[in-house]
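Colleague: I am new to this model and would like a close look at one part of it. Please start with the helix I ask about and work outwards.

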Amino acid sequence: MVRASNEGGGHWVDHLPFLLMAMRATGGRRFTLIEIVIRGLRAASAEAEMADVKPSLPLLPSMRTAPSFLSSNAQSHLHPLSAWADILDNCREGEATRIDINVRSVSQQIVVEIIDNGCGMDEKQLRDGILSIGYTDKGLETGKHYGMGSTTSIPRLATDGLILSLTRGGLPTVGYLSTRLSDQRTENQTVVPQCTWARTGSVLQTNAGTDVTFEQRAESLKVILAHSPFSSEGALRREFDALGQAGTKIVLWNLSAEHQLEQHSQDVCFSAAEDAWAHEKSLRGLLEVLYYHDNQTPHKTKVYIKGGLVVPRNWQQFLRATQHEYSYRPHAASTAHDSERPCARTLFGYAQPLAAVVAEMHGAKSGKRKQGSPGRLAEYCGVFYYHKGRLTIPLLKTALQTAKGNRCPRRRSACSSAGKG
């Protein structure tokens, strides 16, 4: 029999949460009253410890997606170079004229940082952009945008990433994307810690056009310092010094296993097949062809990898032999006026004189290829497709080039068609 009493320990109803916890701790098995109490105390202690480690959901900003969202959608990038390209796109669209990619050590942790001198983002822009999903305020000048670029690119490259940004005359803000943090937590949303500082140097207390409160900013700062290589607020704030008056810095650590950071002094390399082309295994190789460049189309953004300038490929100079340029207008738009119909420029040519290609083919046939010769010169053929100045498909062979067993016409047939006997 249970006797209700209001004396001493209060009404018995007040103890219901503890009694329910104790019953859950028994797993439905029969125990004595003392054993039930002991197990309940242990469960209550463990729950209190977890509460200290994991702040309650309202204390951290979040996006309304499952905790597995970041790691799952990162797989939309089949290769890490695709993710790198998306991040560089965002830097250019932010009006950056210079981008620096560096590798350094912070608190014995290897980090990769991408720094641009663009317009930067304030707290609202960062929260609406990288720290959310499906939002974009970009026009159609550079194609369609779906608001998923850097949000999926950063988790593809590393399990952890900080985004530090500063607008001209604005307040410094930092956001944290981490698949590791989301996977460790038991909540049903993806947490995206974010903190902004006032000009006085203290955590911003007022509204900054978002739903992030002072308590959430303060709690976000604790989480960032606990999980990032920057163990103090001062060290984290000093990272903004590289931005000058405006810009964005992305700091990545715990990078994917494909990255080979120490292989080249001025490049970031990736594990790839032995016969992979440069744009398939080298960040420098990709950035050389990522944006279209010729004599009439100069590059507006300079990119440096580990201090070394990336020289973009000038296609008019690269295809220096037997060069032809055509303009193509789709027949589907034939009813429109010529000035309104879409037009594609097509540039054809050889990177090497045709005689050198033929000599390479003969050398491959006779087995007399010299050490240091172009090697796969005949195989490096195809079309680089660009849309609005951005590479979409690299080195795709045409139907004629793949007509014979998915291989380039070569040796006798290729030499004959070239008029070389």
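How many Å should the 14 residues of H8 span at 1.5 Å a residue, and how far apart are its end C-alpha atoms?

Modeller: The 14 residues of H8 should span 20 Å at 1.5 Å a residue, and the end C-alpha atoms are 20 Å apart, so the two agree. The expected span is 1.5 Å times one less than the number of residues in the helix. Some ground rules come next. This is a predicted model, in which local features need pLDDT of at least 70 and side-chain atom pairs count only at pLDDT 80 or more, while totals for chains, interfaces and linings use all residues. Residues are numbered from 1 along each chain as its sequence is written, and side-chain values use heavy atoms, with hydrogens and water left out.

First, the setting. The chain has 14 helices and 16 strands. These are DSSP runs numbered from the N terminus: H or I of at least four residues for helices, E of at least two for strands. Of the 421 residues, 40% count as buried. Buried means under 20% relative accessible area and exposed means over 50%, with partly exposed in between (1.4 Å probe, protein chains only).

Now the helix itself. H8 covers residues 214–227. Its buried residues are Gln216, Arg217, Glu219, Ser220, Leu221, Val223, Ile224 and Leu225. An α-helix has 3.6 residues a turn, so residues three or four places apart point the same way.

What does H8 pack against? Look at the sheet. The sheet is open, and its eight strands follow the order S7-S5-S4-S8-S3-S2-S11-S12, with mixed pairing. S7 and S12 (308–309) are the edge strands, each pairing on one side only. Two strands pair if DSSP finds at least two bridges between them. S5 and S7 have three bridges and run antiparallel. There, Val174 has Cys195 of S7 as its bridge partner. H8 packs on this sheet and touches S4, S5, S7 and S8. A contact needs heavy atoms within 4.5 Å. The direction of H8 makes about 115° with that of S7. For such angles, axes are lines fitted to C-alpha atoms, for helices over the stretch in contact, and the angle runs from 0 to 180 degrees between N-to-C directions.

Take S4 next. It spans residues 158–166, and eight of its nine residues are buried. S4 has a pairing with S8, antiparallel over eight bridges. In that pairing, Ala158 stands opposite Leu255. S4 is also joined to S5 (residues 173–178) by six bridges, again antiparallel. Leu162 has Tyr176 of S5 as its bridge partner. S4 and S5 form a hairpin with six residues between them. In its turn, Gly169 has a positive phi of about 80°.

Back to H8, and to its charged side chains. The structure holds 14 salt bridges. A salt bridge is a side-chain nitrogen of Lys or Arg within 4 Å of a carboxyl oxygen of Asp or Glu. One of them joins Arg217 to Glu123, at 2.8 Å from N to O. Arg217 lies in H8 and Glu123 in H5 (residues 123–128), so this pair ties together parts that are 94 residues apart in sequence. Both Glu123 and Arg217 are buried.

H5 takes part in a second link. Arg127 and Asp211 meet in a salt bridge at 3.1 Å, N to O. Arg127 is in H5, while Asp211 is in the loop between S7 (194–196) and H8; the two are 84 residues apart. Their cover differs: Arg127 counts as buried at 13% relative accessibility, whereas Asp211 is exposed at 56%.

That loop between S7 and H8 also holds Gln205. Gln205 has 61% relative accessibility and so counts as exposed. Leaving aside neighbours within four places in sequence, Gln205 is in contact with Phe214 and Arg217. Gln205 and Ala218 are 13 residues apart in sequence and 9.2 Å apart in space, C-alpha to C-alpha.

One last stop is S8, one of the strands H8 touches. Lys249 and Glu239 form a salt bridge at 2.9 Å, N to O. Lys249 lies in S8 (residues 247–255) and Glu239 in the loop between H9 (233–238) and S8, so the pair ties together parts ten residues apart in sequence. Lys249 and Glu239 are both buried. They belong to a salt-bridge network with Arg104 and Glu113.
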